[in-house]
Amino acid sequence: MINPPTTGLLRHATDVYQSYENGGGISNLEEAISLYQQALELSPVGHPDRPICLNSLANCMQSRYESQGALEDLEKAISLNHQALELHPAGHPNRSSFLNNLAICMLSRFGSQGILGDLEEAISLNQQALELRPHGHPYRLSSLSNLAKCMKSRYKSQGALEALDEAISLNQQALVLCPIGHPNRLSPLIHLANCMKLRYESQGALRDLQKAISLNQQALELCPVGHPNKPLLLSHLASCMQSIYEAQGALEDLEQAISLNEQVLELCHVDHPDRPLPLCNLASCMQPIYESQGALGDLEQTISLNQQALKLCPVDHPNKSSLLNNLEHCMQFRYESQAASEDLEEAISHQQALELFPKGQIRSTSLSNLANNMISRYETLGVIEDLEKAISFNQQVLELCPVGHPSRLSSLNNLAHCMQSRYESQGALGDLQEAISFNQQALQLCPVSYPYRSSFLNNLAICMTSRFEEQGALEDLEEAISLFHQALEFCPPGHPHRSSSLSNLANCMKCRYESQKATEDLEGAIFLFHQALECCPLGHPHRSSSLSNAAN
């Protein structure tokens, strides 16, 4: 029996493509594409080899897109996968594979173009594939993982918490299919850990963060020295440890995060393309050290790390805008510490980060940072135009963060701060009322266990105190005291914000004494001011204000 001409072409094309996947150059992929195209031309509609030709050529086009980023390659892969799926209608034993392949392409196009319809189609295709792969099916694991990725993307693009919950459930099911010792256990550990961290960031439940830490530790144990995923997992675990420090204030957690990031940096030599990321991450860990201890050397190291990372990033580097944002933040800190106007001007000049990302989350972050810098300059120079610009920037951010968006909380908080500042400058009660409204909305988005809830409680309390001073309504002062009490509960001894929280409550108690002359309020204020002073050792940036409060 003579083999049809497509048989040899397909066999040769498969060998060449396998060489490419095993580390061969792009020439192997180009040759495989040419061979599969020839085979497809020899396989018209109805030919028994047409489905495999369509599928194989689609895989090659997808690979070339992933390698070179040409959208036309992805569009061609989608078209070929559509044709292949049409040849495998409902009831066909291989339909799930073709559903899966098309879903992967649709998710890729969503990642590139951001078209929500592509994501929804990818979800639908993956759901259909999963239904065709019941318990015991050899490819059920991949379907669970692929659908979980889609649901995670839906959460990140739309802020729908139920999508994240489903992604967690799917990844948990995938992990069950990969018990200890299973060769594929690493992947579901990583994906489940990432989802748990995302849910912690959204909901603030410490158990989710603790679970993410445990999963990342398990994943890291599966990566010996030299494993390609080791730097990534070290980074993930470092991020978790930094988050638990921010939630609980235990310095050893931050020190562990620094150690993990230093290990990542050691694995990314000077010429490594990923070196900017560990530099940036290490800088983000050093910054809280400065904030809690006030040593200028820590801030200088943070600035130096960010500058090193920035030098390694070309203009079109995907992390360029984030690094500019981080450096802006550091320059603002140094300005606040030393009042050097050139630091503030440099921070503002980095608004070029906005030009790198005309839309999306990075633009939102850049706008927020720029708004913060404009407020700082306003507070230095008193030019009202800077404050108006900050309000405008923050209003734009809020528009980019509709109800349900994971960043809406911070955008409400920032806009509230701007409105409070304008009230303090111009005395328009409407600005204060708006600041109170924004702060109340922000607080409603904070679950009771949210790690940064104390900041939002403080912000609203400050506004209520201002309204009391404006209108003299005692219930506003009582609410402020209640809010400051709640905030203090989130700042146990050793917490970096305990000093300011004690001072805020003390000031309110002093206010109530001045209003009602109750001796216990004055005694309480004195006691709280002394506690705040104990939290600020010599050299601490807040010690002078604490001394002044205690003396008064």
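Helices in this text are DSSP runs of H or I with at least four residues, and they are numbered from the N terminus. The model is predicted, and its secondary structure comes to 26 helices and zero strands. Of the 552 residues in the protein, 49% are buried, and the points below go from the chain as a whole to helix pairs and then to single residues.

**The protein as a whole**

- The accessible surface of the protein comes to about 25,800 Å², and carbon and sulfur atoms account for 51% of that surface.
- When contacts are counted between residues at least 6 apart in sequence, 56% of them join residues that are at least 24 apart.
- A search of the whole structure for disulfides finds zero.
- Two cysteines can be placed by their accessibility: Cys268 counts as buried because its relative accessibility is 3%, and Cys418 counts as buried because its value is 0%.

**Helices α4, α5 and α6**

- Helix α4, which spans residues 71-86, packs with α5 at an angle of about 155°, with the two axes 9 Å apart; α4 is therefore roughly antiparallel to α5, since angles over 145 degrees are classed in that way.
- In this pair α4 passes α5 in a left-handed crossing, and the residues that make the contact include Leu74, Ala77, Ile78, Asn81 and Leu85 on the α4 side and Leu99, Leu102, Cys105, Met106 and Arg109 on the α5 side.
- Helix α5 (residues 95-113) also pairs with α6, their axes coming within 8 Å and crossing at roughly 160°, so that α5 is roughly antiparallel to α6.
- The crossing in which α5 passes α6 is left-handed, and the contact is made by residues that include Leu99, Leu102, Met106, Arg109 and Phe110 of α5 together with Asp118, Leu119, Ala122, Leu125 and Ala129 of α6.
- Among the α5 residues, Leu99, Leu102, Met106 and Arg109 take part in the contact with α4, and these four residues also take part in the contact with α6.

**Helices α7 and α9**

- The axes of helix α7 (residues 140-158) and helix α9 (residues 186-203) come within 12 Å and cross at roughly 20°, which makes α7 roughly parallel to α9, as angles under 35 degrees are classed in that way.
- In this pair too, the crossing of α7 past α9 is left-handed, and the residues that meet are Lys149, Lys152, Tyr155 and Lys156 in α7 and His191, Asn194, Cys195, Leu198 and Ser202 in α9.

**Buried polar residues in helices**

- Gln62 lies in helix α3, which covers residues 50-68, and Gln62 counts as buried because its relative accessible area of 8% falls under the 20% limit.
- Residues up to four places away in sequence aside, Gln62 touches Leu74, Ala77, Ile104, Cys105 and Ser108; of these partners, Leu74 and Ala77 belong to α4, whereas Cys105 and Ser108 belong to α5.
- Asp118 lies in helix α6 (residues 116-131) and counts as buried because its relative accessibility is 6%.
- Once neighbours within four places in sequence are left aside, Asp118 is in contact with Met106, Arg109 and Phe110, and these three residues are among those that α5 brings to its contact with α6.

**Partly exposed serines**

- Ser97 has its place in helix α5 and counts as partly exposed because its relative accessibility is 28%; the C-alpha atoms of Ser97 and Arg133 are separated by 9.8 Å, although the two residues are 36 residues apart along the chain.
- Ser304 is found in helix α14 (residues 296-311) and is partly exposed, with a relative accessible area of 32%; from Ser304 to Leu279 the C-alpha distance is 9.4 Å, with their positions 25 residues apart in sequence.

**A positive phi in a loop**

- Most residues other than glycine have a negative phi.
- Lys517, which is not a glycine, has a positive phi of about 60°.
- The place of Lys517 is in the loop between α24 (498-516) and α25 (519-534), and Lys517 counts as exposed because its relative accessible area of 54% is over the 50% limit.

Terms used. Residues are numbered from 1 along each chain as its sequence is written. This is a predicted model: local features need pLDDT of at least 70, side-chain atom pairs count only at pLDDT 80 or more; totals for chains, interfaces and linings use all residues. Side-chain values use heavy atoms; hydrogens and water are left out. Helices (H or I, at least four residues) and strands (E, at least two) are DSSP runs, numbered from the N terminus. Buried means under 20% relative accessible area, exposed over 50%, partly exposed in between (1.4 Å probe, protein chains only). Contact means heavy atoms within 4.5 Å. Accessible areas come from the Shrake-Rupley method with a 1.4 Å probe; for residues, only the protein chains shown count as cover. A disulfide is a pair of cysteine sulfur atoms within 2.5 Å. Axes are lines fitted to C-alpha atoms, for helices over the stretch in contact, and angles run from 0 to 180 degrees between N-to-C directions. Angles under 35 degrees count as roughly parallel, over 145 as roughly antiparallel, 65 to 115 as roughly perpendicular and the rest as oblique. A crossing is left-handed if the near helix is turned anticlockwise from the far one by less than a right angle, and right-handed if clockwise.
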